[in-house]
Amino acid sequence: MVQVFLNLVMNSIEAFPDYGGEIEMTTRLQEGQILVEIKDNGKGIRAEDQSKVFLPFFTTKTNSVGLGLAYTQKIILTHGGTISYTSKPGVVTAFTVTLPTSV
């Protein structure tokens, strides 16, 4: 799970404009599940890219092979969880990881 959160935070940092940005990470227990949300105010995910973010080898970065979010999703699914996101380009992007409290 360390790799999951490292990938999500690094993606947030890489989405910031040159002058920086903010990342907010929250956790809560909801209906027997752990929810972790990582939210940033970076550039966001373009509407035309939103259906592709978890596909292997999809990337909008010049220095990436596009495996980070695909691998992140695989790890979460292996632990019985889910990952979802919302993005309003230029305003906010939030990834939510939902995990069972026990397997």
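The exercises below work through the sheet, the aromatic contacts and the largest pocket of one predicted model.

Residues are numbered from 1 along each chain as its sequence is written, and side-chain values use heavy atoms, with hydrogens and water left out. Because the model is predicted, local features need pLDDT of at least 70 and side-chain atom pairs count only at pLDDT 80 or more, while totals for chains, interfaces and linings use all residues.

**Exercise 1. Work out in which order the strands form the sheet, and which strands stand at the edges.**

Step 1. Strands here are DSSP runs of E with at least two residues, helices are runs of H or I with at least four, and both are numbered from the N terminus. Two strands pair if DSSP finds at least two bridges between them.

Step 2. S1 and S2 are paired in the antiparallel sense over 8 bridges, and Glu-24 has Lys-39 of S2 as its bridge partner. A further 8 bridges join S2 to S4, again antiparallel, with Val-36 partnered by Val-97 in S4. S3 and S4 are antiparallel over 7 bridges; among the partners in S4 are Ala-94 for Thr-86 and Thr-96 for Ser-84.

Step 3. The 4 strands therefore form an open sheet in the order S1-S2-S4-S3 with antiparallel pairing. Strand S1 (23-30) and S3 stand at the edges, each with a single partner strand, so one side of each has no neighbour in the sheet.

**Exercise 2. Describe how the side chains of S3 are arranged, and how S3 is connected to S4.**

Step 1. In a regular strand the side chains alternate between the two faces of the sheet.

Step 2. Along S3, Ile-83, Tyr-85 and Ser-87 point to one face and are buried (under 20% relative accessible area with a 1.4 Å probe and protein chains only; over 50% is exposed, and partly exposed lies in between). Thr-82, Ser-84, Thr-86 and Lys-88 point to the other face and are not buried.

Step 3. S3 and S4 form a hairpin with 3 residues between them, and Gly-90 in the turn has a positive phi of about 80°. S4 is mostly covered, since 7 of its 9 residues are buried.

**Exercise 3. Classify the ring pair of Phe-54 and Tyr-85, and locate its two members.**

Step 1. Rings of Phe, Tyr and Trp (its six-membered ring) pair if their centres lie within 6.5 Å; planes under 30 degrees apart are stacked, those over 60 are edge-to-face and the rest are tilted. The count by this rule is 3 aromatic pairs.

Step 2. The ring centres of Phe-54 and Tyr-85 are 5.9 Å apart and their planes stand at 65°, so the pair is edge-to-face.

Step 3. Phe-54 lies in the loop between strand S2 (33-40) and H2, and Tyr-85 in strand S3 (residues 82-88), so the pair ties together parts that are 31 residues apart in sequence. Phe-54 and Tyr-85 are buried, and together with Phe-95 they form one aromatic cluster.

**Exercise 4. State which residues lie nearest the centre of the largest pocket, and which element gives the most to its lining.**

Step 1. A pocket is an open set of points on a 1 Å grid over the protein atoms alone, where a 1.4 Å probe fits, with protein on both sides within 12 Å along at least five of seven lines; lining residues have an atom within 4 Å of a point.

Step 2. The largest pocket is lined by 26 residues, of which Asn-11, Ile-45, Thr-60, Lys-61 and Leu-69 lie nearest its centre. Helix H1 (2-14), helix H2 (68-78) and strand S4 (92-100) are the elements that give two or more residues to this lining, and H1 gives the most, with 6 residues.
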